[in-house]
Amino acid sequence: MSPTTLYDKIWDAHVADQTEDGTCLLYIDRHLVHEVTSPQAFEGLRMAGRKVHAPDKTIAVPDHNVPTTPDRVNGIENEEGRIQVAALDKNARDFGVHYYPMNDVRQGIVHIVGPEQGWTLPGMTVVCGDSHTATHGAFGALAHGIGTSEVEHVLATQTLIQKKSKNMKVEITGKLQPGVTAKDITLAVIGETGTAGGTGYVIEYCGEAIRDLSMEGRMTVCNMAIEGGARAGLIAPDQTTYDYVMGRPHAPKGAQWDAALTWWKTLFTDENAVFDKVVTLRGEDIAPVVTWGTSPEDVLPITATVPFATDFEGGKVDAAARSLAYMGLESGTKLTDIKIDTVFIGSCTNGRIEDLRAVAGVVKGKKIKEGMRALIVPGSGLVRAQAEEEGLAEIFLDAGFEWRMAGCSMCLAMNPDQLEAGERCAATSNRNFEGRQGRGGRTHLVSPVMAAAAALTGHLTDIRDFL
Amino acid sequence: MEKYQKLTGIAAPMPLINIDTDMIIPKVFLKTIKRSGLGVNLFAEMRYNDDGSEKDDFVLNQPAYRDAEIIVAGDNFGCGSSREHAPWAIKDFGVRCVVSTGFADIFFSNCFKNGILPIVLPKEQVDLLMKDAEKGANARMTVDLEAQEITTSDGEVIAFDVDAFKKHCLLEGLDDISLTLAKADAIQSFEQQAQQSRPWV
Ligand code: SF4
């Protein structure tokens, strides 16, 4: 047999039907659902008189719209948001899928809840009407975002009509320097490939620096595969993966666990397997990075200066000029001289317990800059509970942070957590698009420790100054 | 879905690269639980001032392009989120074809599900169509999916590729779900076999 990649293996194990032109019906093991991209899909089912094919493999949780202030136990004030969450409540009940309602302690961002509850396992196919489904690839699962029509298709058939993507390898060799995190890896890769560099590919991340990452770090890396244009990112499962999965509520147990483990251990790319595209970065060369523009590819080391539009070529010249104007930045300014009004720590990129521990490590015993608005939004109710148990919440509150309930929050600002026009934010989320965090708001993407440092100093800061 | 007909219409030039789905339909409009009515919000932040008045310099606000049915776009159109609200808004506005050097994957497949034809062409040809689109309302392009050809206002013909299955579905207005449900047996036998080989799933 010719050598195959990890992606090939998972793909082959899920093809339920294939036509001559290569169009496949890919069987879906886990379907995650949230309130924003699902109402029209459930409505479609109702209108056609269809059922959910596999309610047991379908998991729903509201996250995008929910307020993150404690008074949410009394209900959602915003009418449209309330209607959307109520629609999910009803749909989950009517169609009998697994559900974590807003006030359940297990509620949280769908991409944090899935792994936390053991729904996401190696070798699975996982989809969700959300592009950051790529996150689950950290487990060696083929996971990607789909549109609402496809959500309806999966609900009705538990399959997806797909053609196979190409294989791309992103290798990060060696060790990371102190202060450099998974977030810096994933941003550095996008800086290298551009936001369309992965279009048409499934990326496998590998190399020593990836192997050394915790599951949390691996999820951060895969989360942003989509910002590099790839539908999915994958990391082969290993002991780190098995240790994370074992004992989770929906992970296999006993003999099932042994059988699963035996299969999981076959999930790796064979030696000599061919990739259509390869990108290699040296871990030692990656610096703490920050974005200066309105595309995730606008990445620079924190030690750099704001670029000139004329530094670029082709269509990027106009795009960069537009970004600089939107961001209100002057070319040539040192990045560390850029003042910050708001700090947002959270999202499916960096809202896990390890992220919060790292932030606490930086801000413990210190105070955030006067006048700074700084939010910490845990990725799930369980992350929040654990942070409270470990004493992290107290550290945050003492330092002057707001300590919120779980949800997407200011990552996309569909709930009341928004930037004002012109406000400038250091954010641990994944998108710096125009208006993403509020109309006219300006976003700099950074790692959790870099966000923590900016909260203390009031400007973009090199975390290495704190080490 | 209705059958995809041959289209002759005005093309709006949008040369900016990396037009993301947040630009196409800002998230404030994602709170709807319907598919329809999003056309007025298409490109809202680029199209309207804070007070709701139109920005004169935005292409779709210019008299020549208000009825555009085709968009000729810069590279990597539709990057960002999976929100199908983006194609819903485009369709509701009246656009049925977008041409670019590249599209983001999810947006690309979302288009086909909503009767929008995304066409990928090499840069020189997109540049040529961009120039044609810049001529304004008198320069109508024709998009013929059946023949896989675009004809510029000058009569120049450009051939394009399209996935055969997707083309078939668009032309016939087929609904994916019914097509797949016709293969229920294949799905069922896959499930039985998976129950044996991966019972923990
Ligand atoms: S945290 Fe942000 S990126 Fe993640 S699912 Fe929520 S809105 Fe999307």
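**Exercise 1. Salt bridges, from the total down to single pairs**

Task: Find how many salt bridges the whole structure holds over all chains, then examine pairs within one chain.

Solution.
Step 1. A search over all chains of this predicted model finds 37 salt bridges.

Step 2. Start in chain A. The side chains of Lys90(A) and Asp94(A) meet in one of these bridges, at 2.7 Å from N to O. Both residues belong to helix 3 of chain A, four residues apart, so about one helical turn separates them.

Step 3. Check the exposure of the pair. Partly exposed covers the range between 20% and 50% relative accessible area. Lys90(A) has 41% relative accessibility, so Lys90(A) is partly exposed. Asp94(A) also counts as partly exposed, at 41%.

Step 4. Take a pair further apart in sequence. Asp212(A) bridges to Lys175(A), with the closest N and O atoms 2.9 Å apart. Asp212(A) sits in the loop between helix 7 (208–211) and helix 8 (215–223) of chain A, and Lys175(A) in the loop between strand 9 (166–173) and helix 6 (182–193), so the bridge ties together parts that are 37 residues apart in sequence. Asp212(A) is partly exposed at 48% relative accessibility. Lys175(A) is partly exposed too, at 44%.

Step 5. Move to chain B. Arg66(B) forms a salt bridge with Glu54(B), and their closest N and O atoms are 2.7 Å apart. Both lie in the loop between helix 2 (44–47) and strand 2 (70–73) of chain B, so this pair links parts 12 residues apart in sequence. Arg66(B) is partly exposed at 38% relative accessibility. Glu54(B) is partly exposed as well, with 31%.

Step 6. Look for shared partners. Glu43(A), Arg46(A), Lys90(A) and Asp94(A) are joined into one network by such bridges.

**Exercise 2. The five-stranded sheet of chain A**

Task: Work out which strands stand at the edges of the open sheet in chain A.

Solution.
Step 1. Write down the order. The five strands run 5-4-3-6-7, with parallel pairing.

Step 2. Read off the ends. Strand 5 (98–99) and strand 7 each have a single partner strand, so one side of each lacks a neighbour in the sheet.

Step 3. Follow the pairing from the strand 5 end. Strand 4 (residues 58–60) and strand 5 of chain A run parallel and are joined by two bridges. Here Ile59(A) stands opposite His98(A).

Step 4. Go to strand 3 (residues 30–33), which pairs with strand 6 in the parallel sense over three bridges. Leu32(A) has Cys128(A) of strand 6 as its bridge partner.

Step 5. Finish at the other end. Four bridges join strand 6 to strand 7 (residues 142–145), again in the parallel sense. Thr125(A) faces Leu142(A) of strand 7.

**Exercise 3. The side chains of strand 6**

Task: Say which residues of strand 6 (residues 125–128) of chain A point one way and which the other, and whether they are buried or exposed.

Solution.
Step 1. Recall the general pattern. In a regular strand, side chains alternate between the two faces of the sheet.

Step 2. Sort the residues. Thr125(A) and Val127(A) point one way, while Val126(A) and Cys128(A) point the other.

Step 3. Add the exposure. All four residues are buried.

**Exercise 4. Where chain A meets chain B**

Task: Describe the contact between chain A and chain B by its residues, its buried area and its polar links.

Solution.
Step 1. Count the residues. Chain A contributes 75 and chain B 51.

Step 2. Take the area. The two chains bury about 5200 Å² between them, with 56% of it on carbon and sulfur atoms.

Step 3. Look at the charges. Seven salt bridges cross the interface. One pairs the side chains of Asp29(A) and Arg198(B), at 3.1 Å from N to O.

Step 4. Add the polar contacts: 34 residue pairs between the two chains.

Step 5. Locate the contact on chain A. Several elements supply at least two residues each, including strand 1 (15–18), helix 3 (79–95) and helix 11 (315–327). Helix 5 gives the most, with seven residues.

Step 6. Sort the chain A side by type. It divides into 27 nonpolar, 29 polar and 19 charged residues.

**Exercise 5. A profile of chain B**

Task: State how many helices and strands chain B has, then give its extent and burial.

Solution.
Step 1. Chain B has eight helices and seven strands.

Step 2. Its C-alpha atoms fill a box of roughly 60 × 40 × 30 Å along the principal axes.

Step 3. Of the 201 residues in chain B, 56% are buried.

Definitions and conventions: Residues numbered from 1 in each chain as written. Chains lettered and ligands numbered in written order. Predicted model: local features only at pLDDT ≥ 70, side-chain atom pairs only at ≥ 80, totals over all residues. Heavy atoms only, no water. Buried < 20%, exposed > 50% of the residue type's maximum accessible area, 1.4 Å probe, protein only. Pairing = 2+ DSSP bridges. Contact = heavy atoms within 4.5 Å. Buried area = accessible area lost by both parts, 1.4 Å probe. Salt bridge = Lys/Arg side-chain N within 4 Å of Asp/Glu carboxyl O. Polar contact = N/O pair within 3.5 Å; in protein donor to acceptor, adjacent residues only side chain to side chain. Nonpolar A, V, L, I, M, F, W, Y, C, P; charged D, E, K, R; others polar.
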